Amino acid sequence: MKTYKCEYLWLDGYKPEPNLRGKTKVLDLNKSPSLDNLPFWSFDGSSTLQAEGNFSDCILKPVKVYNDAGRDNGYLVMCEVLNPDQTPHISNNRANYEDDTEFWFGFEQEYVIKKNGLPLGFPKEGYPEPQGKYYCAVGKQNVTARDFVEEHLALCLACGLKITGINAEVMIGQWEFQLLGKGAKNAADDLWVARYLLMRVAEKYDVKIDFHPKPIKGDWNGSGLHTNFSNERMRTNGGKAYFEMILKNMKENHEDHINYYGSMNNERLTGLHETQAIDRFSYGVSDRGASIRIPLSTLENGWKGYLEDRRPASNACPYQVVSKLLKTVSIEAVAV
């Protein structure tokens, strides 16, 4: 028998976006923690807006297990929330769609690192130099918190997450990591765990992670969760007609998508700062001011590859984003 520290993670019932919650279960096991030997657990749902005080137990169902490289004998356990009868809780967005293991998602998670209410690099009064020199920048005058970002990157990789890149973003104090996930539920699980690790490292550095889509008003870029997506057909067979059918479906469902792409997104999707206006839908080749960007590589490969949905806000729930994209892309015309 060996003793393991298993951090059970779940999403609470707060709206418009849920918060991550976590608590540690210490287990003595004959082998490493996995879905085969991790028990269901319970928590006080009355403290997370998921139950009433007179009937407060909610159930945690493990759905994916990760090595926790930041803890000796540690594991991270992503969970779904269930009712006492083990049906999905109303806050459980992961249970609202069927999985598709052939669907790939590349999330571009932007965020802002703040201290004392301001992005790192902002003076106590006034503003830093206008944005322009900060994107992918080098040098102390243009970059903040590189040590923090590098620690998060190393931790994610050591935990088994497929982080494919990081970069400083357009506003000082703003960063991005890119995460590849294969499988519709697996990809969203991975992003929530990457966010958890980001906030855990922030505790150590005494800073706050801000996922607001427009953290600083004015002539500053907002923060998004650009979502690159493809199914098996897009990657292997493709075809212009098939991609145009997907784009048509996306346009017809634009308003529905926006409703699930993060709160306060209207402050970000203004038609400025590399965005399309929230009430318009557009697409274009290599167009970062469009709702959907068609990568140049997709065209050069004979209309095979992926699309980038630039509408989701940085605070969007990946389970909801994934669910909407799965449903929309699957509306296929038989003739295509």
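A cavity here is a set of grid points where a 1.4 Å probe fits but cannot get out, and its lining residues have an atom within 4 Å of a point. With that in hand, here are some close-up views of this predicted model.

**View 1. The largest cavity and its lining residues.** Welcome inside: the structure holds three cavities of 30 Å³ or more, and the largest cavity has a volume of about 80 Å³. Its lining is made up of Trp-10, Leu-11, Met-78, Cys-79, Glu-80, Val-81, Ser-91, Asn-92, Asn-93, Arg-94 and Tyr-319. Sorted by character, these lining residues comprise six nonpolar, three polar and two charged.

**View 2. Strands E1 and E5 at the largest cavity.** Have a look at the strands next. At least two residues of the lining come from each of strand E1 (2–11) and strand E5 (74–82). Strand E5 gives the largest share, with four residues.

**View 3. Glu-80, a lining residue in strand E5.** Let us zoom in on one side chain. Glu-80 has a relative accessibility of 7%, and it counts as buried because that value is under 20%. The Glu-80 side chain makes a polar contact with the side chain of Arg-94, at 2.8 Å. Arg-94 is also among the residues that line the largest cavity.

**View 4. The surroundings of Glu-80.** Leaving aside residues up to four places away in sequence, Glu-80 touches Ile-59, Leu-60, Lys-61, Val-63, Asn-92, Arg-94 and Ala-95. Two names here may look familiar from the first view: Asn-92 and Arg-94 both line the largest cavity.

Notes:
Residues are numbered from 1 along each chain as its sequence is written. This is a predicted model: local features need pLDDT of at least 70, side-chain atom pairs count only at pLDDT 80 or more; totals for chains, interfaces and linings use all residues. Side-chain values use heavy atoms; hydrogens and water are left out. On a 1 Å grid over the protein atoms alone, a cavity is a set of points where a 1.4 Å probe fits but cannot get out, and a pocket is an open set with protein on both sides within 12 Å along at least five of seven lines; lining residues have an atom within 4 Å of a point. Grid points are joined across faces, edges and corners, and a volume is the space filled by probe spheres set on the points. Ala, Val, Leu, Ile, Met, Phe, Trp, Tyr, Cys and Pro count as nonpolar, Asp, Glu, Lys and Arg as charged, and the others, Gly among them, as polar. Buried means under 20% relative accessible area, exposed over 50%, partly exposed in between (1.4 Å probe, protein chains only). A polar contact is a pair of N or O atoms within 3.5 Å; within protein, one must be able to donate a hydrogen and the other to accept it, and residues adjacent in sequence count only if both atoms are side-chain atoms. Contact means heavy atoms within 4.5 Å.
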